[in-house]
Structure formats: C-alpha cells, structure tokens
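Trainee: Could you take me closely through one part of this model, the sheet, strand by strand? I would like to see how its pieces fit together before I look elsewhere.

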Amino acid sequence: MMEVPRRLQSSSFTLALPTPAPSTLSSLGAVKKVAQKNQMREKLQEKSDGTEDQVGEKFSEEETEESPTDSLGQVNTDTVRTIVRLSSQDSFSEESVISEERLAEEAEEAKKKAEEEEAAAKERAAQRQLMAIEELVQSERNYLRMLQLSTVTIRRNLQKLQPPPENLDSMFLYIEDVIDVSSRLLSLLDQKQVQASDPHFLETLCDSFLSLSSDIEASYKEYLANYNHITVVENSFKQKEVLWNEIIRVIKASAPEVNATSLSFFLVMPVQRIARYPLLLQTIQKHTDSSHPAYALLEQTAHTSIALNCRINEYKRFREVADKYKKTETLTIKDKINRLNTHSIAKKTARFSQQIKHETGMAPKLVDEEFDALQGFFYVLENGILELLKNVETYLLHLQGLLDCKTEEFDFDMDGEKAPICYKEISTALRQWILPTFEKRMRTLIHKPLCALRDLLVGPRNLIRKRLDKLLDYEVIEAKSNLSYEEQAVANTYRTINTLLLNELPRFNGLALQMIWSMLGTFSCLHKDLAADMEQLFQSFAQQLPHSSLHTGAFWEWAEAAVLDGARNLQTLCQSVEETFNAPVVQPLSPSSQHRLKQLTDKHGSGKIYKVTSTLVGSRDLDLNLTKGELVAVISEADTRGDKRRWLVDAGGRRGYVPSSKLIRYHQAAEEPPPSPHLALPVGVSGIRRHSYSPGSQPIGFVVQPRFQVLAAYNFSARGNHEVSVRAGEPVCVLEPHDKRGNPEWSLVEARGGQRGYVPSNYLTFMPVGLGPPGSVKPC
C-alpha cells in the first residue's frame with residue numbers, strides 16, 4: 001500500500017539552507033535599510049528617477065503576498081533569487097542617489113568657499129591698492145616737506161656763515177622747479193576733495209599726474225643733468241675740514257629729527273623720486289582689478305611714467321656727452337706731449353689718412369645736407385656776432401674818450417659872453433647826465449648780452465669740430481660687420497653728437513638770431529632816446545644862442561660851414577704837431593765823435609757818413625764790432641761777392657763789413673736850430689691869459705726867438721750812486737752826451753735840485769719851447 005506522505009512538523013524538520021555569500025547578506029541588509037528609510041526617499045531631489053519607487057513598491061507587494069516558504073516548509077529558491085536580485089538593484093540605486101547628493105553638497109560648499117575666497121582676495125587687493133595709493137600720496141608729502149626744509153631752512157642758515165660757502169647757490173639750481181611741480185601735484189589732489197578710499201580717487205590721481213607729466217619731465221631733467229655738479233661742489237666742501245664741520249653742525253641744528261649728515265642726503269631725493277613713480281604706479285596697477293573704471297587710465301599713467309624716465313635718462317646722457325666735448329682746454333706743449341701715446345697717434349693717423357682719401361677721391365665722404373646747412377648758418381651767425389661785438393666795443397671806447405675830455409673845465413677867456421656859458425652848461429649836462437646814462441644802458445642792454453652770446457658760441461663750435469673727428473672715426477669702422485666694444489663706443493658717440501647737434505643747433509641758431517635782431521632794435525631805441533634827451537636839453541638853451549634867430553635852412557648852412565672850417569683847422573694843427581714830433585732829434589756829439597766825424601768827412605765826404613742804430617758783434621771774418629751811435633763812412637755798398645746786405649765801412653782807421661740794415665744816414669746839425677713854431681711874447685707882456693677878441697683892438701707884434709730844451713721822455717729810477725732819477729717831462733741839462741768810456745748810450749745830466757748822474761740817452765728828447773714865465777728852467 002502506498003503510504004500517504006504527511007506534512008512534516010515545523011518543529012521536527014529543519015531545512016538546512018546554504019550559508020548566503022557576503023554579497024547576498026549585504027543585499028538583504030540593504031533591503032532592510034530601504035524599508036526603514038521610506039521617509040528619507042520621499043525627500044529626494046529631482047535627480048532620482050521613478051524606477052526606484054516602482055522597484056520599492058513591487059518589492060513590498062511580493063514581500064506581503066508571497067511567503068518565502070511552501071507548505072512543506074521549504075524555501076522557494078526562485079523567490080529568494082528574485083528578492084536578492086531586487087535588493088541588489090535597489091541598493092545600487094540608493095548608493096547612486098547618495099553619491100549625487102554628496103557631490104551636489106560638496107559642489108555647493110566648494111562654490112560657497114570659492115566665492116568667499118574670491119571676496120576675501122578682492123578685499124585684500126582693495127586693501128593693498130588703498131595702501132599703495134596712500135603710500136604714493138603720503139610719500140609725496142614727506143618728499144616735498146624734506147625739499148622745502150633743505151631749500152629754505154638749511155640753505156638760509158648756511159648762508160649766514162661767515163664767510164658763506166662758495167658756490168652754495170649752484171647746488172640748489174633747478175630745485176625750485178622740482179618743488180613747484182610736486183606742490184602742484186598735491187594741490188590738484190587736494191582740490192578734488194576726494195579721499196584715497198573713494199573709487200574715484202584713482203582716476204583723479206592719474207589725471208593729475210598725466211596733466212603735469214610734461215612739467216615733471218622739464219623740471220627733473222634739468223635737475224638730474226646738474227646733479228654731477230652738486231657732487232663736485234660738496235666734495236670741495238669736504239676737503240676743507242673746518243668748513244665741512246660747520247656745514248654738518250648747521251644741518252643737524254636745522255633738522256634734528258632727520259639725522260642727516262650731508263647736503264646730498266636731501267639733494268639726492270629728486271633723483272630717487274622720479275625713478276620711484278613707475279614702481280608705485282605699477283604696484284597700484286597690480287592690485288587693481290582689470291574691470292575697474294580707471295584701470296585703462298592707470299595703465300596709461302604707468303606707461304607714461306616709464307617713458308618719462310627713459311627720456312630723462314636720454315637727456316642726461318646727451319648732456320654728459322655735450323659737457324665732455326664742448327669744453328675748451330688750454331694745454332701747454334708739455335701737456336700735449338704727455339698725452340701722446342700709441343692709441344692717440346694711431347687714432348690721429350687714421351683720421352689724417354681718411355681726410356687724404358676724401359681729398360683725393362679714394363673714399364666717399366658722408367654728406368648730411370641738413371647738418372651742413374645748420375653748420376653754415378651757425379658760422380654766419382658767429383661772424384655776425386663777433387663783428388657786431390667789435391663795433392660796439394669801438395663805439396663805447398670812443399664814447400668813453402668823449403666823456404674823458406671834460407672840455408667845460410677849460411678857460412675860454414670869454415667871460416661875460418652867452419655862447420661860452422651855454423656851451424659849458426650843455427657840455428656839463430651831456431657829460432654828467434645824458435651820455436653816462438646812455439653808456440650805462442649800452443653796456444647793460446647790448447654789450448653784456450653780446451659778450452654772453454659770444455661765450456655761448458664756444459660750446460657748439462667745439463661740438464661741431466668734435467663731430468668732424470668722430471665722423472672720420474665712424475667712416476673707418478662703418479664697413480665692418482662685427483664691431484668691438486671700443487668701436488661700438490666710437491659709433492655711439494658719433495651718433496649721439498650728431499643727434500644732439502641736429503636737435504639743438506636749430507634752436508640755438510634761432511635764439512641767437514632773435515637776440516641779434518632784438519639788440520639791434522634796442523640799439524636804435526637807445527639812440528632815439530639819446531636824441532630826444534639832447535633835443536630837450538638844447539631847446540632850453542636855444543633862445544640864448546647867437547644864431548637862434550636864423551631860419552632852419554640858414555642855420556644848418558652856417559653850422560655845416562662852421563664844422564667844416566673847424567675840421568680843417570684841427571687837421572692843420574694835427575699835421576703841424578705830428579711833423580714837429582716826428583722831426584729827427586739831433587743830440588750833440590762828444591769830442592771824440594766830433595773828431596771822428598771831421599776825420600771821416602774830410603776823407604770820404606759828408607754824403608758817406610752813416611750812424612750805427614744798434615750794437616753789432618761780428619760773426620764772420622772782416623766783420624766789425626761797433627756800438628750803438630758810432631759814426632762810420634761807407635766805402636762800398638756790397639761785399640766782394642756782390643751781396644748788398646753787407647757794406648764795407650771805415651770806422652776811423654778800422655775797415656770791415658757791417659749789415660746795411662743796421663746803418664742810417666747821419667744828418668749833421670745845423671749851426672742854428674730851426675725856428676720854433678711857438679711865438680714868444682716880448683718882455684713885459686704877460687702870456688698867462690688870452691683875452692677875448694674885440695673888433696677895435698689892434699694885433700700885438702711878436703718877436704720870434706727860437707729856443708730848445710732837453711726833457712726826460714720816460715720815468716727813470718736810479719739804480720746806484722752814479723745814476724740819477726728823472727720823471728717824464730722833467731727838464732734836464734745835458735753835461736756830457738756819453739759816459740767816461742765814450743759810450744753814447746748813457747748821458748751825464750743835471751736834474752732838478754742840482755743832482756748829477758747818468759741816464760739812458762734814449763730816455764731824453766729835445767723839445768722846442770717859447771720864452772716861459774719867470775723861474776722856468778733855462779735850456780742847456
């Protein structure tokens with residue numbers, strides 16, 4: 001019989017199921033977690049799709065409807081597999097959602113953190129920008145204060161030293177312009193009344209700097225070009241220990257809070273300041289966002305400050321080259337020889353050979369038409385300036401001679417007549433008031449500017465000459481492809497000098513021409529003022545003159561005739577005086593010379609007698625040694641070879657040759673001297689005053705009595721007991737026209753007071769005189 005199987009009791013039968021793998025357990029655990037987190041799933045974001053909800057619902061229904069075991073108590077393996085598979089899918093979905101949530105949260109946190117860091121960076125940049133702006137403004141205020149302290153306080157206290165330091169003012173040249181442009185920059189910032197923290201302050205700062213950039217360049221480039229002179233002057237102060245200690249004491253007393261020990265501590269600040277502007281502006285630009293409204297303007301300002309420094313450095317370099325080559329050196333022959341070396345000789349030889357190549361056409365010459373035109377115009381201006389200065393100096397010399405005449409001080413012996421009185425007053429006014437004022441204005445407005453302009457010509461002239469030398473050097477190395485360091489320096493020097501002349505010579509020529517035209521106009525205005533002053537002066541005396549009643553045409557005819565007549569009389573008088581002074585002076589001969597003269601005259605005749613003009617020392621055979629003043633007779637006017645430069649003479653027994661250029665024909669003195677051009681008054685007639693001419697008076701007869709006297713032509717101081725001192729113009733009496741040895745170069749004379757002694761014969765002269773007043777020295 002078949003046995004009906006019974007249902008096993010759950011308590012007596014147990015199905016031994018295999019132990020699930022770890023992954024299966026974890027999946028089941030994930031299912032439990034999903035069941036426990038239903039509320040959290042409802043709050044998921046939009047990123048989760050609907051499949052997760054469907055899987056959860058299906059899993060819930062199967063879990064409630066189906067039992068995991070059958071009626072025999074066995075587990076349905078398909079159901080378990082389905083549950084495990086569904087659980088693993090739901091777990092993967094849940095983990096994806098959680099990772100996305102975490103990524104979103106992390107992204108949001110990173111975004112917030114980035115925003116916070118960006119805001120903090122902007123805040124730090126704004127703070128640094130504000131600090132950089134405040135540093136620029138505050139440092140500019142401190143810089144200006146230090147400059148004013150050195151220029152006003154310290155400089156004034158140094159000038160109080162006794163004696164004040166030499167060349168002190170030259171150390172502060174152009175610093176006033178630097179102070180002015182710095183104060184103007186700060187004034188523009190203060191006028192806007194905008195604080196540094198205001199966003200518009202940066203725009204105001206840039207606009208102010210750009211508006212003053214040209215003035216900043218003009219003031220700083222002159223100061224920096226002169227800074228080397230400041231160093232030289234300060235070094236000269238340091239060489240004098242006492243003076244330098246006084247300067248340090250004054251600086252410390254004037255600025256105790258600064259603790260400075262030299263003037264260069266203050267005077268170097270402009271050199272440092274102009275170079276610091278680009279650094280400060282670039283620092284502000286570094287901490288300024290590119291989206292800032294004033295960023296483009298700030299960038300332009302920074303570039304402007306850099307370009308400004310470059311132009312100042314270039315100008316300073318040009319000035320150094322100009323100062324080096326435009327100066328004129330006065331070198332002795334020894335200094336020039338000491339400067340000769342292998343390098344200088346080679347350089348000068350190369351230049352000379354290059355010039356020869358130019359002249360012979362072997363090498364082409366570099367031609368610069370623009371420079372040649374400027375050079376030609378400069379030389380024309382130079383000649384015009386020098387010629388004008390020469391004419392002005394001659395004019396002033398003649399004017400000074402007119403002022404030295406003082407004709408109003410002479411006595412015209414016309415007392416009581418109106419014409420001499422008016423002439424004296426007019427002459428006095430001209431000499432003491434009108435002409436001195438005119439001369440002073442001429443020297444101030446024309447002569448001094450012309451002298452200054454003449455001195456300024458030296459620099460361009462030397463640079464033009466130096467450019468020619470450097471051009472010859474440049475032509476030698478121009479064709480080379482690779483230049484050495486020295487050759488590159490030569491080429492740069494030529495280019496610098498050429499550029500400097502092309503830039504500065506037109507300005508110099510224009511200013512020089514403008515000054516010449518201005519001085520010529522001033523010269524005309526001065527003469528116009530002089531004519532107006534003289535016309536005003538003469539009008540006050542016109543009615544008192546004897547010819548004031550004449551018409552204009554008749555007056556000018558009379559004036560012309562009077563001037564021409566006076567000029568003729570003056571010319572006649574000058575010729576008479578010149579003939580008198582140029583007449584040969586014949587001095588009496590000594591007894592020995594008279595004996596030789598008589599001997600030579602009897603033997604050779606008076607036409608052959610000559611006088612030796614200077615002492616002769618023979619250098620050849622048959623040459624004679626003769627002293628100055630000796631008499632000789634010419635035998636032949638040529639030597640045996642026919643040389644007419646050596647004459648054969650007879651010296652009173654000695655015969656020989658002497659140079660013909662040392663002989664002059666001797667004129668014997670007449671027995672009676674020629675009549676004197678002066679008229680002597682008869683005895684009893686006084687000659688002290690000449691009375692005015694009256695028509696009714698009769699001319700007084702004069703008797704001609706020619707007389708001569710010997711005068712000292714020059715001052716002579718005795719050097720021993722055998723000599724006597726005389727003054728120029730002092731009358732003397734010649735006792736012997738020679739010394740004890742018969743030398744005619746010395747004469748024995750008797751001076752005032754009866755003093756006797758020798759004086760040089762060429763210091764004496766004969767003058768014709770009339771009968772003088774009583775007590776005058778009688779001629780000898």
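**The sheet and its helix**

Mentor: Happily! Let's start with β2 and β3, two antiparallel strands joined by three bridges. Keep in mind that this is a predicted model. For a landmark in this pair, find Ser 636, which has Leu 648 of β3 opposite it.

Now turn to the other neighbour of β2. Strand β1, residues 609–612, is joined to β2, residues 631–636, by three bridges, and these two strands also run antiparallel. Two positions let you follow the register here. Ile 609 faces Ala 633 in β2, while Lys 611 has Leu 631 of β2 as its bridge partner. As a reminder, strands of a sheet pair through backbone hydrogen bonds, either parallel or antiparallel.

With those pairs in hand, you can assemble the whole sheet. It is open and has five strands, ordered β4-β3-β2-β1-β5, and the pairing is antiparallel. The edges are formed by β4 (655–659) and β5 (663–665), each of which pairs on one side only. The sheet is not flat, either: on average, neighbouring strands are turned by 50° against each other, direction ignored.

Next, add the helix. Helix α20, residues 591–604, packs on the sheet and touches β1, β2, β3 (646–650) and β4. Relative to β2, the direction of α20 makes an angle of about 20°.

Once you have that picture, two other places are worth a visit. One is a helix pair: α6 (residues 201–211) packs with α12 (residues 295–326) at about 35°, and their axes are 9 Å apart. Their crossing is left-handed. On the α6 side, the contact residues include Leu 202, Cys 206 and Phe 209, and on the α12 side they include Leu 297, Thr 301 and Ser 305. By type, the residues of this contact are six nonpolar, four polar and two charged.

The other is the largest pocket, with a volume of about 1400 Å³. Its lining has 32 residues, and nearest the centre you will find Lys 347, Lys 348, Arg 351, Lys 466 and Lys 470. Two or more lining residues come from each of α12, α13 (333–339), α14 (342–360), α17 (458–478) and α18 (485–541). Of these, α17 gives the most, with eight residues. The lining divides into nine nonpolar, seven polar and 16 charged residues.

Terms used: Residues numbered from 1 in each chain as written. Predicted model: local features only at pLDDT ≥ 70, side-chain atom pairs only at ≥ 80, totals over all residues. Heavy atoms only, no water. Axes fitted to C-alpha atoms, helices over the stretch in contact; angles between N-to-C directions. Helix = DSSP H or I, 4+ residues; strand = E, 2+ residues; numbered from the N terminus. Left-handed = near helix turned anticlockwise from the far one by under 90°. Contact = heavy atoms within 4.5 Å. Nonpolar A, V, L, I, M, F, W, Y, C, P; charged D, E, K, R; others polar. 1 Å grid on protein atoms, 1.4 Å probe; cavity = no way out; pocket = protein on both sides within 12 Å on 5 of 7 lines; lining within 4 Å. Points joined across faces, edges and corners; volume = space filled by probe spheres on them. Pairing = 2+ DSSP bridges.
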